[in-house]
Amino acid sequence: HVETLSVPSPFPYEKHMRVAALRGGADLVRETVDVIETLARRLGGRTLGLFTSLRRMNDVAALLAERLRDDGIEVLAPRRASDDPSALVERFRQGGAVLLGARKFWQGLDLPGDQLLAVVIEKLPFEVPTELRRRRELQRKRAGIDAFERFALGTMLLNLKQMVGRLIRSEDDRGLVVVVESRPEKRYFRRLGDALPPGSRVILAEPADLESLLAEVAIPG
């Protein structure tokens with residue numbers, strides 16, 4: 001006989017975290033730069049940017065470095081996909097910096113307390129539709145299986161859960177997650193909450209709302 005015990009999370013997500021979904025996508029690089037710049041200045045760095053594209057990450061890093069140079073906020077990003085993130089993470093822990101990363105940074109980063117106060121996700125992390133994946137989806141469709149619902153969406157939500165999970169690492173942590181291109185017009189937008197911890201919800205917001213969302217989780221100005 002096996003008994004199961006459901007234990008609630010010790011983390012007060014409802015009070016300590018907000019997840020904002022923006023309508024970005026018209027110019028994703030500049031929109032992401034604008035959001036990270038706003039948060040980095042407000043928080044003195046302490047912002048993590050997570051990317052689905054190395055090219056966009058590099059473009060954002062270049063623009064952001066120009067904009068934040070006079071603020072004394074350093075922009076940290078790996079130069080190659082094979083770079084070890086550990087040295088960048090150690091520098092980020094010292095404060096006064098923004099950290100940018102792609103897939104290697106989606107999981108495993110542990111930055112508790114005031115080291116990290118905002119996570120910016122430039123785009124929902126769907127897998128790249130390779131030719132092999134397209135063929136498999138076509139086969140599943142012919143077999144009457146909704147490949148998008150069962151595989152593509154499920155994988156994206158798992159990736160998103162890992163990315164959001166970088167923010168709250170202890171009971172005292174608090175902060176803001178921003179998804180720049182969240183595609184609110186899509187049917188699956190309502191499923192984004194499945195990637196969030198209990199007590200959390202996705203808030204459809206505008207960039208001008210970020211300040212008030214930070215205030216809601218008691219991050220002082």
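These legends go with three close-up views of a predicted model.

**View 1. Strand S6 and the strands it pairs with****.** Here we're looking at S6, residues 175-181. Its 7 residues out of 7 are buried, so the strand is largely enclosed by the rest of the structure. Strand S1 (residues 17-21) runs parallel to S6, and 5 bridges join the two. One pair to pick out is Met17, whose bridge partner in S6 is Gly175. Strand S5 (residues 118-123) also pairs with S6 in the parallel sense, again over 5 bridges. In that pairing, look for Lys123 standing opposite Glu181 of S6.

**View 2. Leu124, in the loop between S5 and helix H5****.** Helix H5 covers 131-142, and Leu124 sits in the loop that lies between S5 and this helix. Leu124 has just 2% relative accessibility, and because anything under 20% counts as buried, this loop residue does too. Setting aside neighbours within four places in sequence, Leu124 is in contact with Thr52, Met156, Leu160, Val179, Glu181, Ser182, Tyr188 and Leu192. Take Met156 from that list: it is 32 residues from Leu124 in sequence, yet the C-alpha to C-alpha separation is 7.1 Å.

**View 3. The second largest pocket and its lining****.** This pocket holds about 260 Å³ of space. There are 16 residues in the lining, with Thr52, Ser53, Phe126, Glu127 and Val128 nearest the centre. Sorted by class, the lining comes out as 9 nonpolar, 5 charged and 2 polar residues. Thr52 may ring a bell from the previous view, where it turned up among the contacts of Leu124.

Conventions: Residues are numbered from 1 along each chain as its sequence is written. This is a predicted model: local features need pLDDT of at least 70, side-chain atom pairs count only at pLDDT 80 or more; totals for chains, interfaces and linings use all residues. Side-chain values use heavy atoms; hydrogens and water are left out. On a 1 Å grid over the protein atoms alone, a cavity is a set of points where a 1.4 Å probe fits but cannot get out, and a pocket is an open set with protein on both sides within 12 Å along at least five of seven lines; lining residues have an atom within 4 Å of a point. Grid points are joined across faces, edges and corners, and a volume is the space filled by probe spheres set on the points. Ala, Val, Leu, Ile, Met, Phe, Trp, Tyr, Cys and Pro count as nonpolar, Asp, Glu, Lys and Arg as charged, and the others, Gly among them, as polar. Buried means under 20% relative accessible area, exposed over 50%, partly exposed in between (1.4 Å probe, protein chains only). Helices (H or I, at least four residues) and strands (E, at least two) are DSSP runs, numbered from the N terminus. Two strands pair if DSSP finds at least two bridges between them. Contact means heavy atoms within 4.5 Å.
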